[in-house]
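Student: I would be grateful for a close look at a single part of this structure. Please explain how that part fits into the chain as a whole.

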Amino acid sequence: MTRTAANPLPCSPTVVVVKGTPEMSALLDAVLQTRDYTVLLADSTGEAYALIRRVHPHLVLVGLGLDDPDGYELLSMLKLDPTTRRTRVLTCTSAEAVTGPSRTADATADMLHARLIGSMN
C-alpha cells in the first residue's frame, strides 16, 4: 500500500519515489508491496528532500527531468548534505527527458555503484 509522507510504516523498509508517472508509481507500489516495502511518493524535489531527511529511506527512486527545479539538483542536494549523502539512489528517465548521458553519469556515478546492490541484501 502506498503511504503518504505523513503516515509511513516505520517497521518496514521504505522506498521514496520522486515524481514518478502514475503508471510507474503504481507498478513500483505493486512490486514493492509484495516484498513488504513502504512506498512514499514525493511530487517535487523540495518535498522529496525534506521527506528523505526525515524518514531516511532504504532507497530513493528519482525520475530525472523534473521541472521542480530539477532532478539533478536533488541529487546534488543529497550528495552535499552529510545526513543524506549515503542515501541509496536509483535514477530513471524517459527518452524525452534525456539531455545527455554525461550529465546523468556525472550526477549519479558515485551515488549508485555496487554499494546499492550490496547494501539492499
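**A close look at one helix and the loop after it**

Tutor: In this predicted model, the buried residues of α3 are G71, Y72, L74, L75 and L78. These residues lie on the same side of α3, because the arc that they cover around the axis is only 155°. The spacing has a general background: an α-helix has 3.6 residues a turn, so residues three or four places apart point the same way.

The helix α3 spans 71–80, and the loop between α3 and β5 (89–92) contains T87. T87 counts as buried because its relative accessibility is 11%, and buried means under 20%. A polar atom of the T87 side chain lies 2.7 Å from the backbone oxygen of T84. T87 can also be compared with a residue elsewhere in the sequence: I52 is 35 residues apart from T87 in sequence, yet the two are 8.5 Å apart in space, C-alpha to C-alpha.

The whole chain gives the setting for these details. It has 4 helices and 5 strands, which follow the pattern β-β-α-β-α-β-α-β-α when read along the sequence. Of the 121 residues in the chain, 40% are buried. Among contacts with a separation of 6 or more, 74% are between residues 24 or more positions apart. The chain exposes about 7,000 Å², of which carbon and sulfur atoms supply 59%.

Note on methods: Residues numbered from 1 in each chain as written. Predicted model: local features only at pLDDT ≥ 70, side-chain atom pairs only at ≥ 80, totals over all residues. Heavy atoms only, no water. Helix = DSSP H or I, 4+ residues; strand = E, 2+ residues; numbered from the N terminus. Buried < 20%, exposed > 50% of the residue type's maximum accessible area, 1.4 Å probe, protein only. Contact = heavy atoms within 4.5 Å. Areas by Shrake-Rupley, 256 points an atom, 1.4 Å probe, with all protein chains shown as cover. Polar contact = N/O pair within 3.5 Å; in protein donor to acceptor, adjacent residues only side chain to side chain. Arc of directions from axis to C-beta.
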